[in-house]
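Subject: Structure handover

Hello,

Here is the structure I promised. Please open it next to this email; my notes follow below.

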Amino acid sequence: MATTLPQATQLKVQQAPGQWTHWQVTPPLDEAPVVLESLAGGRSNTSLLVGSGQQRFVLRVDGIDPRSLGVNRATEFRAQRAASEQGLAPRPCYRNPDLGVMVSHYIEAESPPSKQ
């Protein structure tokens with residue numbers, strides 16, 4: 001990974017894929033995900049693309065205490081799940097509040113239509 005992460009974040013990134021058997025994923029994963037690359041964005045968190053087999057996920061690690069920003073991650077998880085059921089957001093598949101991580105399915109960005 002090109003970007004050097006803070007030591008606390010690195011530890012969480014190492015621990016989160018170890019929880020892969022608890023991820024709510026269909027089809028179930030056959031092996032632990034590995035970090036593929038760092039994703040841009042996120043003022044209050046670090047986002048990484050992780051993969052296992054053909055499946056890709058976004059692993060989001062809290063960078064700062066979300067409560068200090070008034071963010072409720074449990075509510076956010078429920079809202080994202082409801083949005084995914086309507087086809088509006090990627091489906092979240094794992095959350096560990098003690099570790100400060102959330103995993104969602106990764107949706108490949110679409111290329112804008114070419115102008116002709």
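Strands β2 and β3 form a hairpin, with two residues between them. Gly 53 sits in the turn and has a positive phi of about 60 degrees. β2 covers residues 45–52, and β3 covers 55–62. Strands and helices here are DSSP runs, numbered from the N terminus: E over at least two residues for strands, H or I over at least four for helices.

A note on the source: this is a predicted model, so local features need pLDDT of at least 70 and side-chain atom pairs count only at pLDDT 80 or more, while totals for chains, interfaces and linings use all residues. Residues are numbered from 1 along each chain as its sequence is written, and side-chain values use heavy atoms, with hydrogens and water left out.

The sheet

β2 and β3 pair in the antiparallel sense over eight bridges. Two strands count as paired if DSSP finds at least two bridges between them. Ser 52 has Gln 55 in β3 as its bridge partner.

The hairpin belongs to an open sheet of five strands, in the order β1-β2-β3-β5-β4, with antiparallel pairing. β1 (34–39) and β4 (92–96) are the edge strands, each pairing on one side only. On average, neighbouring strands are turned by 25 degrees against each other, direction ignored.

β1 and β2 pair over five bridges. Leu 39 is matched there with Ser 47 of β2. β3 and β5 also pair in the antiparallel sense, over five bridges. Leu 59 has Val 103 in β5 as its bridge partner.

Seven of the eight residues of β3 are buried (under 20% relative accessible area, 1.4 Å probe, protein chains only). That strand is therefore largely enclosed by the rest of the structure.

The helices

Helix α1 (residues 7–15) lies across β1, β2, β3 and β5. Its direction is at about 145 degrees to β3. Helix α2 (residues 73–85) lies across β2, β3, β4 and β5, at about 170 degrees to β4. Axes are lines fitted to C-alpha atoms, for helices over the stretch in contact, and angles run from 0 to 180 degrees between N-to-C directions.

One residue to look at

Ser 104 lies in β5 (residues 101–105). Is Ser 104 buried or exposed? Ser 104 is buried, with a relative accessible area of 7%. Leaving aside neighbours within four places in sequence, Ser 104 is in contact (heavy atoms within 4.5 Å) with residues including Phe 57, Gln 80 and Arg 91. Its side chain makes a polar contact with the side chain of Gln 80 at 3.0 Å. A polar contact is a pair of N or O atoms within 3.5 Å; within protein, one must be able to donate a hydrogen and the other to accept it, and residues adjacent in sequence count only if both atoms are side-chain atoms.

Best wishes

Conventions. Buried means under 20% relative accessible area, exposed over 50%, partly exposed in between (1.4 Å probe, protein chains only).
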